Structure formats: C-alpha cells, structure tokens
Amino acid sequence: MKTFICCLLVVICYCHAHAQDTSKPASRSLKEIIVTAKKEVIRSDIDKLIYYAENDITSSAGDASDVLRKAPMITVDAEGNVSVRGNANPRILLNGKQSSLFLRNTADALKSIPAAEISRIEIITNPSARYDGEGSAGIINIITKKSFRQGMNGNMNFGVSNLRNNGSINLAVKKNNFLFYTNLNGNFSFMRKRPGSYEREDFVYQTTNRQESIVYDRRRGAGAMAGIDFNWNKYNQLRVSVGMNGSRDLQRGEMTGSVTGNNMARQHFTGSMEAPGNGTGTDYYLDYTRRFRAEDKMLSFSFLVNKNNGNPEYLSSLQFNHPDHFFSEKAYKKNRNTEITFQGDFSSTLGKGKMESGVKAIIRDFVNDFKVYNYDPLVQDLLLNPGRTNLFEFRQNVVAGYWQYLVSLSKTITVRAGARAELTTLNTLSGQLHQTPSVNTHYINLLPALAIAKNMGSGKQQIKLSYSKRLHRPGTGYLNPFISASDSYNRTQGNPYLQPEIVHSPELGYSLNQGDNFYGITFFYRVTKKVIDRYTTISPDTTMGNTQAAISVTTYDNIGTSRSWGVNLTSSVKVGENLSLRGNLNINTNDTRSPSDKYYFSSRSAGSTVLSGNVNATLRLKKGISLEGFFTARTPQRTIQGYGNGFTLFNTAIRKNILNDAASIGIILTEPFRKGTRMISERNSVQFYEYTRVLTPNRSIAANFSVNFGKLKTKPASKRIFNDDLK
C-alpha cells in the first residue's frame, strides 16, 4: 500500500489526451457531431469532472462497475459497492435520468450494464440547482454510446470470461432530422464460490458463535431499449424512448458452526440457505423541447415513468446436534415499485448572463408484501408466521422548483449561482396486521448551490470554488421493518422512522491542461447531519429453542453528525508518443460523533483517515496493438462500530485493432496471482466483538470482441439540440 501511494504522489499522471470528444457532454451545441479518431480521457468543467471510457481496454469485457473503478474520485470495492470520496451515497443516473435498474440493488444494476456500452462518466460532486437535491455524495451520470451519423450505424460487443459474460448490439438509423436507435444487451455469470468465516463473542450472554460457510451465487440479466429523436424543424424536438430489463439471481449457502459459553455444553450445528430472486423493470421517457428565434431561449417538458417488480425469497435452516433442535424459515417478498416524474425547464438570456428555472414533481409508490413461514415441530412442516407477515407501503412525493444564473463577470471569471426548494411528503403504511404504526411526515429543504471559476494562462489553468447543500432520503431498504433471517443467528431489519441526511459541501479545485497532459487537485470539506448508519445489538434467542444463546439484530438510525475533509489528486501525462500514464489519489478523513449511548457503542466517536486511488498505464505499439495495466486500492474505513473493508485489485490487457480499425479483439487478465480479494471487517460495542472474512473470487481471464458498422464520416447536417435537463 505504501508503494502504491508513493507511485501516485510521484507519478501524478494522466492518460493519453485524445482529440476532441465526439459527443459534447451537457452542452447545447447546434452543430452535428463529427466523428473523430481520438478522444479526451479526462476533462474538467465548471460543475463536473468527465472521464471518457471508450478507449479503456481493460474494462471493455466487464461491466459498469469496472468502468467506475477507473474514474476519478470514485471507489468500487470487490462487491460492487460505490462511494465518492469516502461517501457511499451517490445518486447514479443513466443518460441523465433515473433508471428502473437502480430501483433495485445498485451493485447488481451496475453489473447489468456492459462496459462496452459506456461512452463517459460524469462525476458531479457539487451539482447546480438544476439537479435534484438527492445524493449526499453528489451525482454519477453514466452516459452510454449513441450515434448521430446519417444513415445506418451500429456496433456489437461481446465479452466472455470464467466469471461473467455479456454482449450488446446497438443500431441507429438517421435520416435527415429523424433518428431511430435501439439496444439489446444480456449478461450472465457462472456460479461463484465465496468461502467465509465468522466469529462473534457476546459479552452480555457470555457466548461465542463460530461459523464457516461457503456461498455460491450467479446472476443472469437482459435488457432492451428503443427510442426516436425527431426535429421537425430547427425550433421543435421530440424524444421518446422505452426500455425494459430483467434479471434472475440465485444464491446458495452451506454452513457449519458451534455455540459455546454461558454454562452450556458446546452446541454444533449445520445450516443451509437458498435465495432465488428475479426482477423486471420498464422505463418510459417523453421529452419535448421548444427553441425560439432568440437562440438562447428554450422551453422543455419531460415525463418519465420507472417501474420495477421483484420477487426475492429465501429458505434457511439450522440443525443442531440435539435432534429436537431444528430451525427452518422461508420468506417470500413481492416488491412493486413505481416512480413517476414530471419536469418543466426554461432558459433565456438575462442581462449579461443566462437564467435557468424549472419545476419538478416526483411521485413514488413502493409496495413490499412479505410472508414468513417457520417450521412447526408438531406438524413437522412450515406454517405461516402471522407476527412477521405484513404489507409495507412507502409513498413519497417530492415537489421542487429551482432558479439559477450563469454569468461571466470578466473574460476569465464565470459565476453560477442558484437555489432549489424541495417539499417532501412521506407516508409509510403497514397493512394486514398493522404491527408498525404508520408514519406521516413532510419537510421542506432549501438547497443553495454556488460555483465560481477563474481561467488563467489562456484557458489552460482553472481555479474553481463551489458549495452545495444536499440531502440523502432513506429508501425502502432502510425503512422496511421486515426482519430478514436468511442467516438465523444474524438478522436485519429497517427503521421506518429515519430522517434524511443533510450535507453541506464546500470545495476548492485547481486544474492545469497542457496539451496531452492534465493535472488536477481538489480540496473538500463535508458536514453531514443526521447521519444514517447501521448498528447492531444483541438479543436472546427466542426462536430456535435455545434461550441461552444469542442473536444479533442489525438496523439503521440517524446516529449523529459526521465531518470529513480531504484532497483528491487526478493527473495524466503522455510520455513520448506511445506511453500514457494516469493516476488518482483520494485522501479523506471522517469523524462521526453520536450524542446517544443507546447503540451500545464502545466509543461515541469514530475517526479515521482513508486512502484510495488507482494507477493506469497504456502503451500503444505498432499495427494497432495496445497494452494496458491497472491497479486500484483502498485502506480500511472506520465505522461507528468497527472497521469496513480495505481491498486491492489488479488487471492487465492487450487489444488489437483489426478490419481497418473498425473492430478490435482484446484479452483481459484480472488478479492472476491470487484467487480473489479477502474482504475483512471487524465490529465491536460494549455488547459484542465480531470478525468476518469473505473471499470474493475475481481471478479471471476474459476475451472481448467489438465491431462498428455503418458510415464512419458525416456530412454537414441540420441543427441539433442537446438536452441534459431531466435529472
């Protein structure tokens, strides 16, 4: 780890700065995009950092999580969990919009997006007032590839490996001002084996629980999307798209263990778990844009519907050495989630600057219907458990309005200032047995945003100062009081009384662009109030016929206030004509303090310094051959009850362009020197000490094939409008 950090600090580096981007991000250019041979890798705007992933050969056979690992400021661990500068609550968008994919598990959603489909990643740590206030870590916007060339164009990408496989086909047909585009993609993984061990010492009940387990899991998914863009004249544009996705997951586990202590004889047990699940999602999008004779004036209306259905379930059982001690539980869940969004935006010249304003409404209705069955020794069968069977409905409405102003105070200074007001109403309803009282609440948040940029040295240097206030609303995963006992000794449940996190985030950044080289440094400070975090308590075992033993119950609460400061270094340098180096280093502190002792903390504060980053090297040889190596790492992160996982990951790749550079083949080798990444965590309080170790397999060899077809050059075309209003 020390060698890695030294390399980052010494080599402050950046990748091959290719020529101009083919798809101007977040700009309303009136020119047709021209295909160019090379692209930039990283670029800094007033409100975002953009990572162009199209030429990244080591992630071409992977998925979106592999691409995010290469992006500045972003960390993705071995399990696919995403964080930005140490904060694990970014809002992830797909092409500037919410997707039904992310209404399910984020890590699984990223695995369903092929890496070859991604054009660029936008990292927006202090979003403007035009963006939703949701996402305490900011926004990650994943932009997929889309062709605007006249005629029929497309590409096919296929990747195979011993761990996961994916493929996609894209087709676009453009005739004058009419564009039709479609995408088909699929992915599946082979059954992975994840061995692990677990030990918990309970100080209250004076027992020790030891477990050895092996978990097998696999995932299969597919998606399809089609859309049209139609400009019937230079003032009017209509965009319509429909997307569908689905997944089928399976997880199986085997476990052996023992419970000792509390003046009882050692009890051995064996266990098993099986958790199949499937989900489907649909997205409907409609957008109308009206421009006026005054080219700086624009009006747009957008409508978006996201629907997601899921049916997860599990069956777990424990058999003790005493034949009468047997526990078995089966749970069924039906999740029906709907999110409807309306938005209207208007922009126009005002004085010497540009004014933007808009309104937005989001209607969320999430329904979780769950049933639990437990083994009854009298009938020797599973019977419905009425005390844990319920219907939980989560209704959340957000009404928002914003206003912002962008103005150049001089030739070198640009200011963007604005504010957003959001009214949130929340209702949680507990049906059937009404074990959990309903929650009805509302709150108003005023969210200011400010950014000041000064260009120096003929625009090659830039200093940015920005501030934003954001929030993180808890979703159903945090709120649902359903008790999950897929691991009978370790249970989890949500807390319907959680309040949103409130985040204040100022930052100061400097960037230098010298032709093919780029250097950037950002200092940031973040204060998070009403921090949402999980905590664990120990309770007696009253369900498995062994009241001398104990179980852990993990839930969530607003535990206190967190303060974090840090620095991010991002750089790229071209060495000679063929070697490009890129590096990112993030150093951040975190100090979380809780005013309450109800969580049985061993300490009411948790402070730590976390280092994370990556290095990347690309060597371009003759005859279209490229070599690339990549390494990323993160040190362990302190939580209020212990330490989270640290990790390292390495891969290397070779790619060969063929068919006059219209196609390429590649080989990617990941973690060739070890089987996988050990994920180790420790937690403790005055009630217990817990140690967990899991080996996540990621040693793989992958092959990738990509081919483009259709016209490679464009002729001058009519004006085109680019919108990024709907967030």
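**Exercise 1. A surface patch**

Which residues form a nonpolar patch on the surface, and how much accessible area do they have together?

*Solution.* The model is a predicted one. Start with the members of the patch: L619, L621, L627, I654, I667, L669 and I701. Together they have about 530 Å² of accessible area. Next, place one of the members. I701 is found in strand β38, which covers residues 700-710.

**Exercise 2. The second largest cavity**

Describe the second largest cavity by its volume, its central residues and its lining.

*Solution.*

Step 1: count. Searching the whole structure gives 13 cavities of 30 Å³ or more.

Step 2: volume. The second largest cavity fills about 290 Å³.

Step 3: centre. The lining holds 25 residues. Those closest to the centre of this cavity are S44, M73, K464, E507 and T522.

Step 4: elements. Five strands each supply at least two lining residues: β6 (118-124), β23 (461-472), β26 (501-514), β27 (517-540) and β28 (550-575). The largest share, five residues, comes from β26.

Step 5: chemistry. Sort the lining by class. There are 10 nonpolar residues, 10 polar residues and five charged residues.

**Exercise 3. A salt bridge and its setting**

Are E122 and R120 buried or exposed?

*Solution.* Begin with the contact. The side chains of E122 and R120 meet in a salt bridge, at 3.3 Å from N to O. Now check the cover. Both E122 and R120 are buried. For context, the whole structure has 31 salt bridges. Side chains of opposite charge can pair when their charged atoms come close.

**Exercise 4. Pairs that tie strands together**

Trace the salt bridge of R192 with D217, then that of D249 with R219. For each pair, give the distance, the strands and the accessibility.

*Solution.*

Step 1: the R192 pair. The closest N and O atoms of R192 and D217 are 3.0 Å apart. R192 sits in strand β11 (residues 192-202) and D217 in strand β12 (residues 207-233), so this salt bridge ties together parts 25 residues apart in sequence.

Step 2: cover of the R192 pair. Buried means under 20% relative accessible area. R192 has 15%, so R192 is buried. D217 has 11%, so D217 is buried.

Step 3: the D249 pair. In the salt bridge of D249 with R219, the closest N and O atoms are 3.7 Å apart. D249 belongs to strand β13 (residues 236-261) and R219 to strand β12, so the pair links parts 30 residues apart in sequence.

Step 4: cover of the D249 pair. D249 is partly exposed, because its relative accessible area is 24%. R219 has 9%, so R219 is buried.

Step 5: a network. Which residues do salt bridges with shared partners join into one network? They are R91, D132, E134, K360, R420, E422 and R473.

**Exercise 5. Separation in sequence and in space**

For R582 with Y519 and for Y205 with F688, set the separation along the chain beside the separation of the C-alpha atoms.

*Solution.*

Step 1: R582. This residue is found in strand β29 (residues 579-593). R582 has a relative accessible area of 2%, so R582 is buried. R582 and Y519 are 63 residues apart along the chain, and their C-alpha atoms are separated by 9.8 Å.

Step 2: Y205. This residue is found in the loop between β11 and β12. Y205 is partly exposed, with a relative accessible area of 21%. Y205 and F688 are 483 residues apart along the chain. Their C-alpha atoms are separated by 9.4 Å.

**Exercise 6. Positive phi**

Where are N95 and N660 placed, and what is the phi of N95 and of N660?

*Solution.*

Step 1: N95. Its phi is near 55°, a positive value in a residue other than glycine. N95 is in the loop between β5 (91-94) and α3 (106-111). N95 is partly exposed, with a relative accessible area of 33%.

Step 2: N660. Phi of N660 is near 55°, again positive in a residue other than glycine. N660 is in the loop between β34 (647-658) and β35 (663-670).

Step 3: exposure of N660. Exposed means over 50% relative accessible area. N660 has 78% relative accessibility, so N660 counts as exposed.

Key: Residues are numbered from 1 along each chain as its sequence is written. This is a predicted model: local features need pLDDT of at least 70, side-chain atom pairs count only at pLDDT 80 or more; totals for chains, interfaces and linings use all residues. Side-chain values use heavy atoms; hydrogens and water are left out. On a 1 Å grid over the protein atoms alone, a cavity is a set of points where a 1.4 Å probe fits but cannot get out, and a pocket is an open set with protein on both sides within 12 Å along at least five of seven lines; lining residues have an atom within 4 Å of a point. Grid points are joined across faces, edges and corners, and a volume is the space filled by probe spheres set on the points. Helices (H or I, at least four residues) and strands (E, at least two) are DSSP runs, numbered from the N terminus. Ala, Val, Leu, Ile, Met, Phe, Trp, Tyr, Cys and Pro count as nonpolar, Asp, Glu, Lys and Arg as charged, and the others, Gly among them, as polar. Patches are made of residues with over 30% relative accessible area and no salt bridge: like charges are joined within 9 Å, nonpolar side chains (Val, Leu, Ile, Met, Phe, Trp, Tyr) within 5 Å. Accessible areas come from the Shrake-Rupley method with a 1.4 Å probe; for residues, only the protein chains shown count as cover. A salt bridge is a side-chain nitrogen of Lys or Arg within 4 Å of a carboxyl oxygen of Asp or Glu. Buried means under 20% relative accessible area, exposed over 50%, partly exposed in between (1.4 Å probe, protein chains only).
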